[in-house]
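Hi everyone, thanks for making time. I'd like to walk you through a structure that will be new to most of you, so have a look at it on the screen and then follow along with me.

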Amino acid sequence: MPQETANADAIADGRGRAMLSVDDIAKDYLGCSSRHVRRLADAGRMPRPIKLGSLVRWPRSVIEQWIADGCPNIRNVAKGGRR
């Protein structure tokens, strides 16, 4: 799980939910490269991001739930396939 100091400058959406960047997810949640996070998102293997112009962000709660669920392949889950 992420460190408490990781999101000191986190962005929030209009509903007050913390939004995570590619770098936040890579460094603080998955321990991988930002390129790998982009590949996961492009392949449909993680929740879809919210696009803000050219930026992409994920609600923190969505990413934390995805991780708690064991990082299922979202594309397969949406089709009713195996996890």
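Let's jump straight in at a contact between two helices. Ile-25, Tyr-29 and Leu-30 in helix H1 meet a set of residues in helix H3, namely Arg-60, Ile-63, Glu-64, Trp-66 and Ile-67. If you sort the residues of that contact by type, you get six nonpolar, two charged and no polar ones. Before I go on, keep in mind that this is a predicted model.

So how do H1 and H3 sit against each other? Their axes come within 12 Å and cross at roughly 40°. H1 and H3 are therefore oblique to each other. As for the hand, the crossing of H1 past H3 is right-handed.

Okay, let's step back to the whole chain. It has four helices and four strands, and reading along the sequence you get β-β-α-α-β-β-α-α. Of its 83 residues, 29% count as buried. And if you take the contacts with a separation of 6 or more, 47% of them come from residues 24 or more positions apart.

Now the sheet. In what order do the four strands line up? The order is E1-E2-E4-E3, in an open sheet with antiparallel pairing. Strand E1, residues 11-12, and strand E3, residues 50-52, are at the edges with a single partner strand each, so one side of each has no neighbour in the sheet. E1 is joined by two bridges to E2, which covers residues 18-20, and the two run antiparallel. If you want a spot to find on the screen, look for Ile-11, which stands opposite Met-19 in E2.

What packs on that sheet? Helix H3, residues 60-68, does, and it touches E2 and E4, with its direction at about 65° to that of E4. Helix H1, residues 22-30, lies across E2 and strand E4, which is 55-59, and H1 runs at about 85° to E2.

Let's stay with H1 for a minute. Which of its residues are buried? They are Val-22, Asp-24, Ile-25, Ala-26, Asp-28 and Tyr-29. You'll recognise Ile-25 and Tyr-29 from the contact with H3. The cover over the buried residues of H1 includes E2, E4, H2 and H3. As a reminder, an α-helix has 3.6 residues a turn, so residues three or four places apart point the same way. Just after H1 comes Gly-31, with a positive phi near 65°.

That takes us on to helix H2, residues 34-42, and to Ser-34 in it. Apart from its neighbours within four places in sequence, Ser-34 is in contact with Val-22, Asp-23 and Ala-26. Two of those partners, Val-22 and Ala-26, are on the buried list for H1. Ser-34 and Asp-23 are eleven residues apart along the chain, and their C-alpha atoms are separated by 5.4 Å. Is Ser-34 itself buried or partly exposed? Its relative accessibility is 26%, so it counts as partly exposed.

One last stop, further along the chain. Cys-71 is in the loop between H3 and helix H4, which is 74-78. Cys-71 isn't a glycine, yet its phi is positive, about 55°. With 33% relative accessibility, Cys-71 counts as partly exposed.

That's the tour, and I'm happy to go back to any part of it.

Notes:
Residues are numbered from 1 along each chain as its sequence is written. This is a predicted model: local features need pLDDT of at least 70, side-chain atom pairs count only at pLDDT 80 or more; totals for chains, interfaces and linings use all residues. Side-chain values use heavy atoms; hydrogens and water are left out. Two strands pair if DSSP finds at least two bridges between them. Contact means heavy atoms within 4.5 Å. Axes are lines fitted to C-alpha atoms, for helices over the stretch in contact, and angles run from 0 to 180 degrees between N-to-C directions. Buried means under 20% relative accessible area, exposed over 50%, partly exposed in between (1.4 Å probe, protein chains only). Angles under 35 degrees count as roughly parallel, over 145 as roughly antiparallel, 65 to 115 as roughly perpendicular and the rest as oblique. A crossing is left-handed if the near helix is turned anticlockwise from the far one by less than a right angle, and right-handed if clockwise. Ala, Val, Leu, Ile, Met, Phe, Trp, Tyr, Cys and Pro count as nonpolar, Asp, Glu, Lys and Arg as charged, and the others, Gly among them, as polar.
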